[in-house]
Amino acid sequence: MLSVTYDLRKDGAYSDEYYQDVGRFTEIVQLEGSNRLSYLLDEYVSYNESKGIKLQSCREELQLELLLLGTLSKLYSNEAEGLTASKYRLMLQLTKLRNKSRRLRPLMNTLKGIGATTMLGAKPRRPALSKASDLSNAEGMIRWLEASGEFVYEARRLSCWLQYLKLLTEKKRVKRLMDTFKFAEWFEIQSQQALGVYTLNVDAYLKDIDIKRKWREDIIFCQRKRVEYHLNMVGAEIMNRAFKARFQATINKVLALPICMTSPESGRCKSHSFGKDFACRGCSASCVVNKLKSMGEEMDFSVMVVPHQSSIAASVGADTMFKESTGVIGVACVLNLISGGWMLKEMGVAAQCVLLEYSGCKTHWHNSGVPTRINLNKLIELVG
């Protein structure tokens with residue numbers, strides 16, 4: 001099968017080599033980040049400790065946040081220039097209503113697509129020339145991320161960095177922002193060499209993105225650049241390592257699968273419902289979900305299917321999908337990895353992730369939809 005954007009199966013069969021490659025490259029990224037930005041991380045941690053602020057992020061995550069700040073500033077600062085206060089409030093409200101009500105979601109999707117296309121400058125990205133000393137540039141970019149509805153959890157962490165940078169003198173601020181931008185530039189070049197073989201189709205897909213996705217609510221999500229795929233790949237590896245011990249300590253393990261993994265022979269999944277009440281009926285021997293359900297019965301993990309990441313975010317309090325002391329292995333396509341990991345962390349859920357081998361869901365990527373797969377060796381490694 002020709003992948004739409006990315007494909008982790010370098011040999012066309014399985015993705016074992018990908019996990020080796022991303023593991024090695026992540027170690028290189030962390031070493032380079034430490035060499036370039038350890039002084040800034042030390043300052044930031046010390047500042048928060050002096051104020052009695054407990055950071056959500058470990059040191060490895062803080063380094064990832066700086067990499068995000070540099071990368072997203074380059075990609076999205078120009079789009080932020082046209083975002084007025086009224087447009088910002090309107091887009092936030094649309095996203096809130098969309099996530100809150102299933103009944104209103106089709107209408108909110110339509111309105112979000114119109115808003116993203118007309119108000120957020122949704123078009124092929126061009127490099128943004130950020131002024132390191134001008135924090136309004138970074139502040140506008142973060143507001144744009146919030147308004148898009150695609151970077152909720154990333155924006156929260158970058159906002160904390162912005163508040164800290166505001167306290168510095170202009171000379172110190174320029175130095176720290178320029179070092180951050182240079183680290184992001186280094187990452188873009190090096191990630192292309194290390195991981196580019198897995199994202200060969202992204203640029204070709206982006207050439208006609210306006211035609212394919214114009215007026216759709218996912219236009220910003222689907223037109224993200226190749227470096228963002230690489231950033232999420234490394235980010236997922238960093239978070240898997242950082243969250244591993246807590247995940248292993250949980251009693252119950254749940255494998256959360258996206259709906260695009262179902263492949264019923266009849267063309268229609270016969271499960272009772274999706275989410276915490278999902279019950280696979282085993283209607284198709286060839287369906288990946290059915291096979292994973294059987295695998296879970298042998299290896300002591302349960303399986304659930306969720307229609308969208310927002311379904312998990314909406315399940316809080318008494319309605320949460322996950323019981324206490326539950327570890328979740330989230331399965332998602334590349335562009336959802338960082339936001340999904342931080343979403344689960346904010347919910348207090350110990351998580352690990354396995355990447356979909358390729359993109360193929362009908363909602364975002366493929367006209368008719370192609371059942372997706374995961375690396376079973378990676379799953380077995382995480383379940384232990």
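**Briefing: cavities, sheet and helix packing**

The largest cavity has a volume of about 90 Å³. It belongs to a predicted model, which holds four cavities of 30 Å³ or more. The points below cover the lining of that cavity, a four-stranded parallel sheet, and the contact of helix 3 with helix 5.

**Largest cavity**
- The lining of the largest cavity consists of 14 residues, and those closest to the centre are Cys269, Cys280, Arg281, Cys283 and Cys287.
- By class, the lining of the largest cavity has seven nonpolar, five polar and two charged residues.

**Sheet**
- The sheet is open, and its four strands follow the order 2-1-3-4 with parallel pairing.
- Strand 2 (302-306) and strand 4 (350-355) are the edge strands, each pairing on one side only.
- On average, neighbouring strands of this sheet are turned by 25° against each other, direction ignored.
- Six bridges join strand 3 (residues 326-332) to strand 4 in the parallel sense.
- Val328 has Ala351 in strand 4 as its bridge partner.
- Helix 11 (residues 226-248) lies across strand 1 (252-258), strand 3 and strand 4, and runs at about 140° to strand 4.

**Helix 3 and helix 5**
- Helix 3 (residues 85-100) and helix 5 (residues 135-148) have axes that come within 7 Å and cross at roughly 35°.
- From helix 3, the residues Ala85, Tyr88, Met91, Leu92 and Thr95 meet Arg143, Glu146 and Ala147 of helix 5.
- The contact of helix 3 with helix 5 divides into five nonpolar residues, one polar residue and two charged residues.

Note on methods. Residues numbered from 1 in each chain as written. Predicted model: local features only at pLDDT ≥ 70, side-chain atom pairs only at ≥ 80, totals over all residues. Heavy atoms only, no water. Axes fitted to C-alpha atoms, helices over the stretch in contact; angles between N-to-C directions. Helix = DSSP H or I, 4+ residues; strand = E, 2+ residues; numbered from the N terminus. Contact = heavy atoms within 4.5 Å. Nonpolar A, V, L, I, M, F, W, Y, C, P; charged D, E, K, R; others polar. 1 Å grid on protein atoms, 1.4 Å probe; cavity = no way out; pocket = protein on both sides within 12 Å on 5 of 7 lines; lining within 4 Å. Points joined across faces, edges and corners; volume = space filled by probe spheres on them. Pairing = 2+ DSSP bridges.
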